[in-house]
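Please explain how the interior of this protein is arranged, and describe its salt bridges, pockets and cavity.

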Amino acid sequence: MTIIKPVRGIFFDLGWTIFRPATGDWRITVKALEYINPQILWSIPQDKLNTVISKANEYVKNEIYKTENEELERYINYYKTIAEMLPEIDITYEQAEIIAYDRVYNDSNYVFFDNTKKTIRGLKEKYKIGVISDTDPSIKRVLKNAGIYDYFDTMTLSFELGETKPSLGMFRHALEAMNLPAIETVFIDDYEKNLDSASTLGIQSILILSRPNSDETTKHLNIKKFSDLLLYL
């Protein structure tokens with residue numbers, strides 16, 4: 001597959017595109033592993049684990065919120081729910097609060113891929129660039145501390161819209177903010193369903209195979225890492 005030119009705007013996801021979770025899991029952080037024995041966690045029957053995670057996720061469900069304090073409250077409730085419903089992992093409410101605080105305020109939970117800043121800086125010289133991401137308010141701080149926040153022309157963030165991908169509203173917002181025809185834009189994401197949604201609006205879509213066990217697609221262009229994008233533009 002090839003990219004139709006001219007391209008004037010590039011959107012990309014954040015997680016597993018420009019950075020990854022330090023542990024490979026966004027919720028089971030390094031701090032969480034100080035208190036939770038992963039062997040005990042993964043020995044829990046999958047049906048029970050799914051039920052607990054589903055209940056905990058009610059506290060971090062999609063809605064509009066604006067501050068890191070609100071984000072912290074959501075994650076405190078998330079981890080306290082897990083502590084309550086999974087007594088076998090033996091974490092206290094106090095420990096749940098410590099894990100939540102670290103989840104929100106510890107930038108080292110995000111590991112940027114090699115050449116991320118160099119690639120973004122290079123793209124910024126030729127294109128408008130924007131983000132389309134399901135994320136939390138603290139991500140702005142993380143990007144600022146990484147020295148890349150100011151490169152972005154637009155940001156379409158789930159917590160500001162109260163929507164998540166693959167909602168078409170996310171992609172309509174991004175296109176409106178960038179003020180470019182869809183065919184002159186490209187979107188990079190690690191989930192095919194999100195690319196399928198973007199494509200219905202005419203956005204050219206690229207699957208990044210950065211997550212462990214990612215599967216290639218024949219519907220979209222595939223790249224192995226973010227910097228590979230430069231080979232196709």
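The following paragraphs treat the nonpolar cores, then the empty spaces, and finally the salt bridges. The model is a predicted one.

The interior is a suitable place to begin. In soluble globular proteins, nonpolar side chains tend to be buried together. The largest nonpolar core in this model comprises 31 residues, and I10, F12, I129, L143, F152 and I188 have the most contacts inside it. Two or more residues of this core come from each of the strands β1 (9–12), β4, β5 (154–157), β6 (185–189), β7 (204–208) and β8 (221–223), and likewise from the helices α6 (116–124) and α7. Helix α7 provides the largest share, namely three residues. The surroundings of I10 can be given in detail: apart from residues up to four places away in sequence, I10 touches L123, Y127, K128, I129, G130, M178, V186, I188, L229 and L233. A second core, separate from the one just described, contains 23 residues, including A32, L49, L86 and I91.

A polar residue may be considered alongside these cores. Q204 belongs to strand β7. Its relative accessible area is 10%, so Q204 counts as buried, the limit being under 20%. When neighbours within four places in sequence are set aside, the contacts of Q204 are T2, I3, I4, V7, A182, I183, T185, V186 and F187.

The empty spaces come next. Rolling a probe the size of a water molecule over the atoms shows where empty space is left. The largest pocket encloses about 860 Å³. Its lining consists of 35 residues, and those nearest the centre are W26, R27, D134, T135 and S158. Helices α4, α7, α8 and α10 (192–200) each contribute at least two residues to this lining. Classified by residue type, the lining of the largest pocket has 13 charged, twelve nonpolar and ten polar residues.

The second largest pocket has a volume of about 340 Å³. It is lined by 16 residues, with D25, R27, I28, I53 and Y78 closest to its centre. Two or more of the lining residues come from each of α2 (38–43), α3 and α4. The lining of this second pocket has 13 nonpolar residues, together with two charged and one polar. R27 is thus named among the residues nearest the centre of the largest pocket and among those closest to the centre of the second largest pocket.

What closed space does the model contain? There is one cavity of 30 Å³ or more. The largest cavity has a volume of about 50 Å³. Its lining is formed by P21, A22, T23, D25, W26, I28, T29, V30, R103, N109 and Y110. By class, six of these residues are nonpolar, three are polar and two are charged.

The charged side chains complete the picture. The structure contains 17 salt bridges. One of them joins R74 to E63, with the closest N and O atoms 2.8 Å apart. This pair links distant parts of the chain, since R74 lies in helix α4 (residues 68–85) and E63 in the loop between α3 (46–57) and α4, eleven residues apart. The two partners may be compared by accessibility. R74 has a relative accessibility of 8% and is therefore buried, whereas E63 is partly exposed at 37%.

R103, already named in the lining of the largest cavity, also takes part in a salt bridge. Its side chain meets that of D136 at 3.9 Å, N to O. R103 lies in helix α5 (residues 93–105) and D136 in the loop between β4 (128–133) and α7 (138–145), so this salt bridge ties together parts that are 33 residues apart in sequence. Both R103 and D136 are buried.

A further salt bridge is formed by E160 and K140, whose closest N and O atoms are 2.8 Å apart. E160 lies in helix α8 (residues 158–161) and K140 in helix α7, and the pair links distant parts of the chain, 20 residues apart. E160 is partly exposed, with a relative accessibility of 33%, and K140 is partly exposed as well, with a relative accessible area of 23%. Finally, D13, K165 and D189 are joined into one network by salt bridges that share partners.

Definitions and conventions. Residues numbered from 1 in each chain as written. Predicted model: local features only at pLDDT ≥ 70, side-chain atom pairs only at ≥ 80, totals over all residues. Heavy atoms only, no water. Salt bridge = Lys/Arg side-chain N within 4 Å of Asp/Glu carboxyl O. Helix = DSSP H or I, 4+ residues; strand = E, 2+ residues; numbered from the N terminus. Buried < 20%, exposed > 50% of the residue type's maximum accessible area, 1.4 Å probe, protein only. 1 Å grid on protein atoms, 1.4 Å probe; cavity = no way out; pocket = protein on both sides within 12 Å on 5 of 7 lines; lining within 4 Å. Points joined across faces, edges and corners; volume = space filled by probe spheres on them. Nonpolar A, V, L, I, M, F, W, Y, C, P; charged D, E, K, R; others polar. Core = buried A, V, L, I, M, F, W, Y, C linked by side-chain atoms within 4.5 Å. Contact = heavy atoms within 4.5 Å.
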